[in-house]
Amino acid sequence: MKKILENKKLYQLLIILFMLVFPFLVGNSGYFMSLFVTACIFIISAMALNLLVGYGGQISVGQAGFLSAGGYAVAILSHKFGLPIWILLPLAGVITGIISLVIGLPAVRLRGHFLAVATMGFGLSIPQIALNWESLTRGYNGISVMRPQWLSGDLAFFYVIVGTTLVIAWIISNIVKSGMGRAFVAIRDSEIAAQSTGIHVAFYKTMMFVISAFFTGIAGGLYAYWFGYVSPQDFNILTSLLILGMVVVGGLASIPGAVIGAVLFTLIPHFTDKFIGMTNIIIGIAIILIIMYRSEGIVSFLDRLKSPEQDDQVKGGV
Amino acid sequence: MLNFENVVVQFAGLTAINDLSFDVSEGKIHSIIGPNGAGKTTVFNCISRFYTPNQGSITFSGKDLLKLKPHQVIREGIARSFQNVELFSKMTVMDNLLTGLHPILKRNIFFISLNLPSVRRSEAESRKKAYEVMELLGVRHLANEKVSNLSFGYQKMVDIGRAMMVNPKLLLLDEPVAGMNPVETDQISELILRLKNEMNYTILLIEHDMSLVMKVSDDVTVMNFGQKIAEGTPGEVQNNPVVIEAYLGELDSDVKAD
């Protein structure tokens, strides 16, 4: 058993190492670093959405709304008040968390398709609000965002993003394995049993939305800082569906699954953009194949790889 | 300890429970028996606060249960198992039991996020407690098994185990041996007696298996069509002609519950 744990740690270490040396592997190429940052932003969003969909069983097709909200929170507040980045990023999360109450509270009473449609409505409305509330968002023109002096270099900010992603992954994994994470799964599996074990279902459902939105808001904030610009078209309904697709394809209720899905869906456009229309076709096919043949997601292939080894370990150990 | 007084529950004209009164005394095993559809599970669902009676009162140690929401009931010391097993099917046995500890677990989101030592300590204590309960139920070897992979008998055990995690004062068991084989039934009846004798649980039991009811019960309430038709010790009840009639439709001298 110990060996497996060590292996898992080893993989984590290798991934972290890869993230840290990545800029040098690609010779500080702006394109590849942006691709990597996009992956990180999607990784955070997918992990946060997985908390909601995979663990909590509450579907959301409005995550893009949270990304936009986080991005605009950073852009607007840095313009109006010039707050420093280490306050602004968490604040973007908090503001997005508060905004999520708009759907988190009604979500307590909605289920399945109805919840999906309600969250989709939320996701659709955010770009419209951004477009039309010109005094705050400058409408169609968007807002540019300046990074602070000491982080103006892409390499420095690249590490901020990598660091934030790792910290959020750690926090979400802590939440998932805690009593709170179990309460989420309990609500997904049986609300009745959850209630009679003392879980306040309405409270925890709202909590799921707030936590999920908090992290997605931070991801939106990182996006705004990295690309230096937010506009109403940045994240739309397709983004929401894409993030949901990442979670389903990578693996529901799995943090590595969310990471795999996010990386995959960031890489697919990189290879297919030359061929017009191919990106969506390939992503669509991937989703269909996974749902039909492997509903546990890509991450379940890893489980299979590990399991014979595990059996040996158990036998050897006993 | 638990007190039902003139409780009436109606669903759109159908009277599920009609003017039901009974008392569960502390430290006793109290069984509710009756034909299917007699309203037994409705009694449990009132205690769990999934249903609210149209009339009457339900008190527990003098406290009005009807003022509570479903998730608050367990904090008063009332835990339950379910007739059709309501487990968290994709969790392991361990996680199911740990979820049973929810009412007393640390809930500070910041502590949890940072996995502070206090959180890890309470998690370790919870696991210890879960192993104790598993030991008692004889399912320790299944700790890391997903409950959806277990047989129905084991699932029932886990369901009961989850209710035991918080050391409730009153344990509600809804047909604990339904679908179990005789060996498992014996295990459960021994467990129920141990819970009473060694751990001072008060138990309210719904059961169709008369051998179990007769073996473990101190008091029996018999229900039919939502009403209480008899009450007393197992011996009194099984010789009561009204009870026999309710079960079999007519008097028959052959019938003495086995």
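Which residue takes a positive phi in the hairpin of S1(B) and S2(B)? In this predicted model, local features need pLDDT of at least 70, side-chain atom pairs count only at pLDDT 80 or more, and totals for chains, interfaces and linings use all residues. Residues are numbered from 1 along each chain as its sequence is written, while chains are lettered from A and ligands numbered from 1 in the order in which they are written.

The residue is B:Ala12, with a phi near 40 degrees. The hairpin has 2 residues between its strands. Strands here are DSSP runs of E, at least two residues long, and helices are runs of H or I, at least four; both are numbered from the N terminus.

Start with strand S1 of chain B, residues 2-11. It runs antiparallel to S2(B), and 7 bridges join them. Close to the turn, B:Phe11 has B:Leu14 as its bridge partner in S2(B). Further along, B:Asn3 stands opposite B:Asp23 in S2(B). B:Asn3 also stands opposite B:Thr59, which belongs to S4(B). Strand S4 of chain B covers residues 55-60. It is antiparallel to S1(B), and 5 bridges join the two.

Now take the whole sheet. It is open, has 4 strands and follows the order S2-S1-S4-S5 in chain B, with antiparallel pairing. Two strands pair if DSSP finds at least two bridges between them. At the edges lie S2 (14-24) and S5 (63-64) of chain B, each paired on one side only. Strands of a sheet pair through backbone hydrogen bonds.

Next comes helix H5 of chain B, residues 152-164. Its 13 residues should span 18 Å at 1.5 Å a residue (1.5 Å times one less than the number of residues). The end C-alpha atoms are 18 Å apart, which agrees. Of these 13 residues, 11 are buried, so H5(B) is largely enclosed by the rest of the structure. Buried means that 20 or more other C-beta atoms, placed from the backbone, lie within 10 Å of the residue's own. Among the buried residues are B:Tyr154, B:Ile160 and B:Met164. The buried residues pack against S6 (78-80), H2, H4 (117-137) and S7 (170-174) of chain B.

Finally, look at where the chains meet. In chain B, 30 residues are in contact with 21 residues of chain A (C-beta atoms, placed from the backbone, within 7 Å). Helices H2 (93-100) and H3 (109-113) of chain B each supply at least two residues of this side. H2(B) gives the largest share, 4 residues. The side of chain B that touches chain A divides into 14 nonpolar, 8 polar and 8 charged residues. Nonpolar covers Ala, Val, Leu, Ile, Met, Phe, Trp, Tyr, Cys and Pro; charged covers Asp, Glu, Lys and Arg; the others, Gly among them, count as polar.

Terms used: Contact = placed C-beta atoms within 7 Å. Buried ≥ 20, exposed ≤ 12 C-beta atoms within 10 Å, placed from the backbone.
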